[in-house]
Amino acid sequence: MKVASLTSSELAARLSRVGLCFSIGDFDICLKSPLKSLADAVLFFYGDYELCEDGKFIDFRVEVAPPGVIRHWFRPQVNFSFDGLKPFKPLPQVQAFAMFEWGLNWVIANNAHQFLVIHAAVVERHGRALVFPGSPGSGKSTLCAALVTRGWRLLSDEMALVSLANGLVTPFPRPVSLKNASIDIIRSYASDAVIGDVIHNTAKGTVAHMRAPSSSVEACGRQAVTAAVIFPRWQANSASSLIELSKGQTLMKVAENSFNYNVLGVSGFKALADMIECSKCFSYSYELLDDAVTAMEELVQNG
C-alpha cells in the first residue's frame, strides 16, 4: 500500500498517534507529528511511497512537533527530534516540512555509514548516473530539477549514497529543494513541474520543493553506475563550458563535499577512489538550462 491510499484524516491520525511508517529507497522511516499542515505536505510529496508493513524494522524514528504548549499558540514553532535528540534550534511552524527534510538529511548523513555519503545531486539516463557535488548556491539543485523534468531519473537532490559493498549509487529520491530564484526558473522552464508552497525567510532564504516523479520513486530499488562526476556552477552571461578535471583533483574536491568521509577511514577512501577511477570528471558552468540539458544528454550518449 502507498501513502496515498490513506485519506487525509487517516494519515493525520496515524501521524499524530503511532507515527507514519514509509519507505524511501533503502530506508524505512517513521515520522510522528501532531501538525495537520505537515500531514498535508507528506501526503502531497510522499503519496507515491510505500507504507511499511506492520512489524517491519524501522531504521529511523523522527518527530516534528511544537516545543511546548505556549509555543503551540504564541509564535508557533516546531522542533525536529531523532530518538529523543534535538540537533537543531526550533523553527517557525510554517517551516515544518522543510525542517523534516533538513532533519532527515542530517539523520542519514550522520548514521548511514554503510554508504559514503556525498553532498551531491544524482540523476540517471540510459543506465548512466551523473553525480553533481556542490555547495549551496552552485546551481546543482536547479540543474538536477531541470534534468528530472526532461525525463531523467532522480536518485537524489541532496546526497549521493555510494555503497561500500559494491560501489554503486543507491537511490534516495525525495522532493527536490529549490531556493530563491531557482523556484521561478524551474516554474518557467517546466510548466508541469509539481511545486509545493513557497516558504519565505528561512535560514536558506526562500524555499520550495518539487515533487519527485512517480517513475523515480518506483525505480528506487535499482542502483546506478556512476558515469561522470561534474561540479556545476551557474554563471550569468556566460556560455556553457565543460572542462575536464584530473581524477586526483576531483577526488580531493569530492572528499571535501562528503559528510562521512573522515568517519569511514580506509573504506571511505576506497569507495571514493573506485568511483572516481571509473568516472569522467568535469567542472561545468552554465547559464541557460536548455544548453545544460543538451550538454548532459550528449555526455551520457557519447560515453
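The following exercises, with worked solutions, concern aromatic rings and a sheet in a predicted model.

**Exercise 1.** Classify the ring pair formed by phenylalanine 44 and phenylalanine 45, and state whether each residue is buried or exposed.

*Solution.* A pair of aromatic rings is described by the distance of the centres and the angle of the planes. Step one: the centres of phenylalanine 44 and phenylalanine 45 lie 4.8 Å apart, and the cut-off for a pair is 6.5 Å. Step two: the planes stand at 85°, so the pair is edge-to-face, since planes over 60 degrees apart fall in that class. Step three: phenylalanine 44 has 32% relative accessibility and counts as partly exposed, whereas phenylalanine 45, at 6%, counts as buried.

**Exercise 2.** Identify which residues have a charged end over the rings of tyrosine 189 and phenylalanine 231.

*Solution.* For tyrosine 189, the residue is arginine 150, which lies over the face at 3.9 Å from the ring centre. For phenylalanine 231, the residue is lysine 253, whose charged end is 4.1 Å from the ring centre.

**Exercise 3.** Determine the strand order of the open sheet, its edge strands and the helices that pack on the sheet.

*Solution.* Step one: 5 strands run in the order E1-E2-E3-E4-E5, with mixed pairing. Step two: E1 (20–24) and E5 (91–92) each have a single partner strand, so one side of each lacks a neighbour in the sheet. Step three: E4 (residues 77–82) pairs with E5 in the antiparallel sense over 2 bridges, and valine 78 stands opposite leucine 91 in E5. Step four: helix H2 (residues 36–46) packs on the sheet and touches E1, E2 and E3. Helix H4 (residues 96–111) also packs on the sheet, touching E1, E2, E3, E4 and E5.

Terms used: Residues are numbered from 1 along each chain as its sequence is written. This is a predicted model: local features need pLDDT of at least 70, side-chain atom pairs count only at pLDDT 80 or more; totals for chains, interfaces and linings use all residues. Side-chain values use heavy atoms; hydrogens and water are left out. Rings of Phe, Tyr and Trp (its six-membered ring) pair if their centres lie within 6.5 Å; planes under 30 degrees apart count as stacked, over 60 as edge-to-face and the rest as tilted. Buried means under 20% relative accessible area, exposed over 50%, partly exposed in between (1.4 Å probe, protein chains only). A charge sits over a ring if NZ of Lys or CZ of Arg is within 6 Å of the ring centre and within 35 degrees of the ring normal. Two strands pair if DSSP finds at least two bridges between them. Helices (H or I, at least four residues) and strands (E, at least two) are DSSP runs, numbered from the N terminus. Contact means heavy atoms within 4.5 Å. Axes are lines fitted to C-alpha atoms, for helices over the stretch in contact, and angles run from 0 to 180 degrees between N-to-C directions.
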